[in-house]
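These are my notebook entries from a first reading of the structure shown here. I went through rings, charges and nonpolar side chains in turn.

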Amino acid sequence: MITFSGVYKYYNEIPVLQGISFHIDKGELAFITGPSGAGKTTLLKLIFGSEVADEGEIKVGDFELSRIKNSEIPRLRRFVTFVFQDFRLRQDLTVFDNVALPLRILGEKEKEIKLKVMDVLRDVALRHKVDSLVRTLSGGEQQKIAIARAVVTNPQIILADEPTGNLDPEASQEIINLFKKINTRGCTVLIATHDPTLFQSSSYRVLKLKDGKISQ
Amino acid sequence: MKRHIQSAIKDIWNNRWSTFLSVLTVAVCFFIITGISILLYNLEIFTKKLTTKAAVVIFLKDSITEEQTNYLMDQIKKMGVFSKLQYISKDMALKEMKDIMEPSLVELIGYNPLYNTIEAYLKDEALTTVEDTVNKIKSLQFVDDVYYPANIITGLKIIRVTLWNFGIGIFILLTVSVLFIVYSTIRSFYWKKTEEIEILKLLGATPSYIRLPFLIEGAIIGLIGSMFSKLFIFIVFLLLQTRHIYEFIPVLTQIVIPLEIFYMLPIFGILSGVVSSFLSVGKIKYQ
């Protein structure tokens, strides 16, 4: 599903990723871990098409990211969705409108949108907050809304960059459980985190990044 | 599309004062553009009327017979540049002269000093080649001389060209101003929505999805601006009528207002709004 072959990325000639190679299978849940500045976010951005690799090949599904055109990126972002540490939600909109946004972009009918949004809000146990403004929710709730928005279009891959970074341990565990639940439905999940407690007692694959290299 | 229109209307409402100011400025520009268009349209009609009224006068040789006159008129007709030919014999000309001048003065001369003439009225499209036509006629048999009001025609040509250049210059200037006003307004809307646009990009929105509300906003500003300018024009004409200004400036009664302008104005408004919004949003980059 995701293949990196000898990928290099530099910022101002300083190497951030150095010859990274790995493969993530379809339906796999994996963690990328490492200290701050190890290159976790850069790696996720490369998969999401926000950054371009300076050397090497990246393949995500049918997308050859080393040669991807600007016009193809919207299609990639329907295939791969992203959950950010800072949620990136529209604070001026309600929970419903935030989760409905990707479906509206796809041009789905309001009736369909309503059904799908309510379904996904039930999964994250926030159906009762459907009409609340996002800014009135707690951090944990906002992250759940961000996850709901990421899964509402049934993407093949979900990327999460420090999704528990701003949350307390209890909320963090809830979020990880949510990703595990999503993964059981066949969605490939890749979570970047520096918090080892999130994957310590699990059997999921962990890619350790250090100084821009993988040391698993 | 419904969602995009709703989003555009919401944006316009949220920025109502800046939108109102740009609409007003666009309306003033369109008002001047329309005024200039009406002026040029009427100038065109006026110059055509004047130039077609100015006939080429062909003086014939004294010895010419009726048959030869008919032959000459046929030849001139065949040139295809005149809309009307009128033969005036020297006797008819003298009679006309007596109507204008004191008959005793004409009698004093003792003979008819006038010529048999043909008055030839030029077609509109032949105005530009009048000098060539005159030279050709001069070379014809039985023609003594040819007179045409060269100064009037050349003067009118110069005035017409100057006013057209001036009009086109103002037209371009104001059109660019309209584009710039809408461009700046939409640009400010765009900047206010930067965060929202970034989220849309992350969620896989296509460039056209992101652009469309802005294009609609530009179109609305252009359309309302053009409607306001129509309203201004209507008010000006109402004022001219109610204040009896026509009595002081009679030429105003001759002004023709082409209705096409009123159909074209909203289309022009929408087009300029869409174009400037498109330029304002620019390329949507994802990387």
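The entries below record what I looked up, topic by topic, in what is a predicted model.

**Entry 1: aromatic rings**

I began with the rings and found 15 aromatic pairs over all chains. The pair I looked up in chain A is that of A:Phe31 and A:Phe199, which is tilted, with 5.3 Å from centre to centre and 40 degrees between the planes. I noted where the two residues sit: A:Phe31 belongs to strand β3 (residues 29–33), while A:Phe199 is in the loop between β8 (188–193) and β9 (205–210), so this pair ties together parts of chain A that are 168 residues apart in sequence. Both A:Phe31 and A:Phe199 are buried. I also recorded that A:Phe31 and A:Phe199 belong to a cluster linked by ring pairs, in which A:Tyr204 takes part as well.

In chain B I turned to B:Tyr190 and B:Trp191, whose ring centres are 6.3 Å apart and whose planes meet at 80 degrees, so I entered this pair as edge-to-face. Are the two residues buried or exposed? B:Tyr190 is buried, since its relative accessible area of 10% is under the 20% limit, whereas B:Trp191 counts as exposed, since its 51% is over the 50% limit.

**Entry 2: charges over rings**

I then looked for charged side chains over ring faces and wrote down one case from each chain. A:Arg88 lies over the face of A:Phe84, at 4.3 Å from the ring centre. In chain B, the face of B:Trp13 has B:Arg16 over it, and here too I noted 4.3 Å from the ring centre.

**Entry 3: salt bridges**

A search of the whole structure gave me 19 salt bridges over all chains. In one of them the side chains of A:Glu162 and A:Lys40 meet, with 3.8 Å from N to O. A:Glu162 is in the loop between β7 (157–161) and α6 (169–184) and A:Lys40 is in helix α1 (residues 40–48), so the bridge ties together parts of chain A that are 122 residues apart in sequence. I found both A:Glu162 and A:Lys40 to be buried.

Another salt bridge joins A:Lys144 and A:Glu174, at 2.4 Å from N to O. This pair links helix α5 (residues 139–151) of chain A, where A:Lys144 lies, with helix α6 of chain A, where A:Glu174 lies, the two residues being 30 residues apart. A:Lys144 is buried, with a relative accessible area of 13%, but A:Glu174 counts as partly exposed at 37%.

For chain B I looked up B:Lys193, which forms a salt bridge with B:Asp11, the closest N and O atoms being 2.8 Å apart. B:Lys193 is in the loop between α7 (150–192) and α8 (194–202) of chain B, and B:Asp11 is in helix α1 (residues 2–14) of chain B, 182 residues apart. For B:Lys193 I noted a relative accessible area of 9%, which is buried, and B:Asp11 is likewise buried at 9%. Both residues also belong to a network of salt bridges that links them with A:Arg90, A:Asp92 and B:Glu196.

**Entry 4: a buried charge**

Which side chain of opposite charge is nearest to A:Asp161? I found A:Lys40 at 6.6 Å, and A:Asp161, although buried, has no salt bridge. A:Asp161 is in strand β7 of chain A. Not counting residues up to four places away in sequence, the residues that A:Asp161 touches include A:Thr41, A:Leu44, A:Phe82 and A:Phe84.

**Entry 5: nonpolar cores**

The largest nonpolar core has 62 residues, and among those with the most contacts inside it are A:Phe4, A:Leu43, A:Ile47 and A:Leu159. I noted that α7(B) gives the most to this core, with seven residues. With neighbours within four places in sequence left aside, A:Leu43 is in contact with A:Phe4, A:Leu17, A:Ile20, A:Phe22, A:Ile32 and A:Leu209. A second, separate core of 42 residues includes A:Ala146, A:Ala171, A:Leu178 and A:Leu198.

**Entry 6: an exposed loop residue**

Last, I looked up A:Asn12, which is in the loop between β1 (2–11) and β2 (14–24) of chain A and is exposed, with a relative accessible area of 74%. The C-alpha atoms of A:Asn12 and A:Lys111 are separated by 49 Å, the two residues being 99 residues apart along the chain.

Definitions and conventions
Residues numbered from 1 in each chain as written. Chains lettered and ligands numbered in written order. Predicted model: local features only at pLDDT ≥ 70, side-chain atom pairs only at ≥ 80, totals over all residues. Heavy atoms only, no water. Phe/Tyr/Trp six-rings, centres within 6.5 Å; stacked < 30°, edge-to-face > 60°. Helix = DSSP H or I, 4+ residues; strand = E, 2+ residues; numbered from the N terminus. Buried < 20%, exposed > 50% of the residue type's maximum accessible area, 1.4 Å probe, protein only. Lys NZ or Arg CZ within 6 Å of the ring centre and 35° of its normal. Salt bridge = Lys/Arg side-chain N within 4 Å of Asp/Glu carboxyl O. Core = buried A, V, L, I, M, F, W, Y, C linked by side-chain atoms within 4.5 Å. Contact = heavy atoms within 4.5 Å. Lys, Arg positive; Asp, Glu negative; His and termini not counted.
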